[in-house]
Amino acid sequence: MDTMDDDLYRDVTDFAHDTPTWFQHLAEVWTELGLLLFGVLFIVAWWRARRGDPRALAIAVLAPLVTAVAYVCSELLKSAVDEERPCRAVSGALTSLVECPAYGDWSFPSNHSTIAGAAAVGLALAWPRIAALTLPMAVLMAFSRVFVGVHYPHDVAVGLLLGAALAFLLVRMTTRPVARVVEAMRGSSTGVVRWFAGPGSPTPQASTRATSHRRRATHRR
């Protein structure tokens, strides 16, 4: 018996087959290219946070880490649910635009969508101004998985929510201890460790001491 999700899946895949060939290829590429773009943004967020306070760098470092944790959780859930791919299970649906994953590569939840949701939220926490880019990116990546025919709509919706929720909670829970690690790294005697942690920004106490020193020097002159 067909469900509303089956009907929605057929509607999306029918729409996909009616789009121009170049658009179909763009959707196929985006399902993977989006992951690469998130990876680049992780590096940029880390680099710009190296001159920030320890908490800023901690969140930037945590963003890719919590994304990896979200992916692992998605895989564990997928193995427990064992939902067949819609490109094999939905009767009357058009052929998927990409090859249907092999039997045993289950459908629920979508790994791509989980990664996208976690990456988008992690980056938004590390770099709030970029949320206007990362959040739509995640939604488009999730939709593309239904568009190319390899996931149900509920697969990608749950994946997005799972990734976003895990990223938010894990970052909030671990920022403080990781910030302490960043402070220790910035005081390390190992060059590579100090380079990774960056110079940071002057603390209020350091700025006050520097100002007082300049005033005393001016007074002496």
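The following dialogue discusses how to read several features of this predicted model.

User: Where should a reading of the fold begin, and how many helices and strands are there in the protein?

Analyst: One begins with the secondary structure elements and their order. The protein has nine helices and zero strands, so that from the N terminus on the elements run α-α-α-α-α-α-α-α-α.

User: What do the contacts and the accessible area of the protein add?

Analyst: Contacts show which parts of the chain meet, and accessible area shows what is exposed. Among contacts between residues at least 6 apart in sequence, 79% join residues at least 24 apart. Of the 221 residues, 43% count as buried. The protein exposes about 12,300 Å², and carbon and sulfur atoms supply 66% of that area.

User: How is a single helix to be read, for example α6, and what covers its buried residues?

Analyst: One may take its span, its buried residues and its cover in turn. Helix α6 comprises residues 131–147, and its 17 residues reach 24 Å from the first C-alpha to the last, close to the 24 Å expected at 1.5 Å a residue. Its buried residues include Ala-131, Thr-134, Met-137, Met-141 and Phe-147. The cover of the buried residues of α6 includes α1 (4–18), α2, α5 (111–126) and α7 (153–186). After α6 comes Gly-149, with a positive phi near 95°.

User: Is Thr-67 buried or exposed, and why?

Analyst: Relative accessibility decides the class. Thr-67 is counted as buried because its relative accessibility is 6%, under the 20% cut-off. This residue lies in helix α3. A polar atom of the Thr-67 side chain lies 2.8 Å from the backbone oxygen of Ala-63. Leaving aside residues up to four places away in sequence, Thr-67 touches Phe-42, Ile-115, Ala-118 and Ala-119.

User: Which class does Glu-75 fall into, and why?

Analyst: The class again follows from relative accessibility. Glu-75 is partly exposed because its value is 27%, between the cut-offs of 20% and 50%. Glu-75 is also found in helix α3, which spans residues 54–81. The C-alpha atom of Glu-75 is 8.1 Å from that of Pro-109, a residue 34 positions apart along the chain.

User: Which residues form a nonpolar patch on the surface?

Analyst: A patch is read as a group of residues, and then through its individual members. Val-29, Leu-33, Leu-36, Leu-37, Val-40 and Val-44 form such a patch, with about 470 Å² of accessible area together. Among them, Val-40 is placed in helix α2, residues 21–49. Val-40 counts as partly exposed because its relative accessible area is 42%.

Notes
Residues numbered from 1 in each chain as written. Predicted model: local features only at pLDDT ≥ 70, side-chain atom pairs only at ≥ 80, totals over all residues. Heavy atoms only, no water. Helix = DSSP H or I, 4+ residues; strand = E, 2+ residues; numbered from the N terminus. Buried < 20%, exposed > 50% of the residue type's maximum accessible area, 1.4 Å probe, protein only. Patch = residues over 30% accessible without salt bridge, like charges linked within 9 Å, V, L, I, M, F, W, Y side chains within 5 Å. Areas by Shrake-Rupley, 256 points an atom, 1.4 Å probe, with all protein chains shown as cover. Salt bridge = Lys/Arg side-chain N within 4 Å of Asp/Glu carboxyl O. Contact = heavy atoms within 4.5 Å. Expected span 1.5 Å × (residues − 1). Polar contact = N/O pair within 3.5 Å; in protein donor to acceptor, adjacent residues only side chain to side chain.
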